[in-house]
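Biologist: I have the model open. Can you walk me through it residue by residue?

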Amino acid sequence: MGAGWLGRPVWEVSISIPFQAAFVKDLIRSLIDQRKCHCGLVNYTSTSAPQNLTYCYCTICRHLSGSPFIAWADITSSSLDIPNGTTNMKTLASKVADRTICSACGSSITMKYASDDATIGIAAGTIDERSLKGEAMKLTEHIFVEQKPGWYNLPEDGLKRWERFSAGFEEKLQAWMKERS
């Protein structure tokens, strides 16, 4: 048999090229958009860039983070890939949303509203910004400012501030809740 690519026999080349192509594709994808919790037990990728970056000051976000807010980066739900599935995550459910945290280190991972199948919030602190394609994430709005702790001063950034949810989302959530009652 004649020598092929890299001096290997032709039969070896036909087997190794598809394997290497798949490996390189997976490697490039993980380098481009990599995300993980603090301990690394939960890791995930997304094929879409964050659409919005929201600071949420609701009591639940504050209690789970131990800070005045959590930054949520919205992505398309179907673009999220969690290689290990949800086996290493714990779900915290409420009437309107499910949150996931790492079962080992407790890092917030996702926030998914039942009224919005198309979008999922990713805890922005788990995103490796160096891996994002395109422009860096920029804050777009502040929500639940009525629940902001008194000791935290909001920056004068000129962005929308909502007492609760943003106007369009509040209406969508109310319609979803009405359908279920």
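Biologist: Is threonine 54 buried or exposed?
Modeller: Threonine 54 counts as buried, at 6% relative accessibility. Buried means under 20% relative accessible area, exposed over 50%, and partly exposed in between, with a 1.4 Å probe and protein chains only. This is a predicted model: local features need pLDDT of at least 70 and side-chain atom pairs count only at pLDDT 80 or more, while totals for chains, interfaces and linings use all residues. Residues are numbered from 1 along each chain as its sequence is written, and side-chain values use heavy atoms, with hydrogens and water left out.

Biologist: Where is threonine 54 placed?
Modeller: In strand β3. Strands (E, at least two residues) and helices (H or I, at least four) are DSSP runs, numbered from the N terminus.

Biologist: What does the side chain of threonine 54 make a polar contact with?
Modeller: With the side chain of glutamate 141, at 3.2 Å. A polar contact is a pair of N or O atoms within 3.5 Å; within protein, one must be able to donate a hydrogen and the other to accept it, and residues adjacent in sequence count only if both atoms are side-chain atoms.

Biologist: And which residues is threonine 54 in contact with, leaving aside neighbours within four places in sequence?
Modeller: Ile70, Ala71, Trp72, Leu139, Thr140, Glu141 and Ile143. Contact means heavy atoms within 4.5 Å.

Biologist: Pockets next. How much space lies in the largest pocket?
Modeller: About 370 Å³. Of the 18 residues that line this pocket, the closest to its centre are Thr54, Asp74, Tyr113, Glu141 and Phe169. On a 1 Å grid over the protein atoms alone, a pocket is an open set of points where a 1.4 Å probe fits, with protein on both sides within 12 Å along at least five of seven lines; lining residues have an atom within 4 Å of a point. Grid points are joined across faces, edges and corners, and the volume is the space filled by probe spheres set on the points.

Biologist: Which strands supply at least two residues each to that lining?
Modeller: β3 (52–56), β4 (70–76), β8 (108–113), β9 (119–123) and β10 (141–143).

Biologist: How many of the lining residues are charged?
Modeller: The lining divides into 4 charged, 6 polar and 8 nonpolar residues.

Biologist: Cysteines. How many disulfides does the structure hold?
Modeller: The structure holds 0. A disulfide is a pair of cysteine sulfur atoms within 2.5 Å.

Biologist: Why is there no bond from cysteine 56 to the closest cysteine sulfur?
Modeller: Because that sulfur, in cysteine 58, is 3.6 Å away, too far for a bond. Cysteine 56 is buried at 2% relative accessible area, and cysteine 58 also counts as buried, at 8%.

Biologist: What about the phi of phenylalanine 144?
Modeller: Phenylalanine 144 has a positive phi of about 60 degrees, although it is not a glycine. Phenylalanine 144 lies in the loop between β10 and β11 (160–161) and is buried, with a relative accessible area of 7%.

Biologist: Where is alanine 118, and what does it touch beyond four places in sequence?
Modeller: Alanine 118 lies in the loop between β8 and β9 and touches Ile75, Thr76, Ser77 and Lys112. At 47% relative accessibility, alanine 118 counts as partly exposed.

Biologist: Last one: how many helices and strands are in the chain?
Modeller: There are 3 helices and 11 strands. Buried residues make up 39% of the 181 residues.

Technical notes
Nonpolar A, V, L, I, M, F, W, Y, C, P; charged D, E, K, R; others polar.
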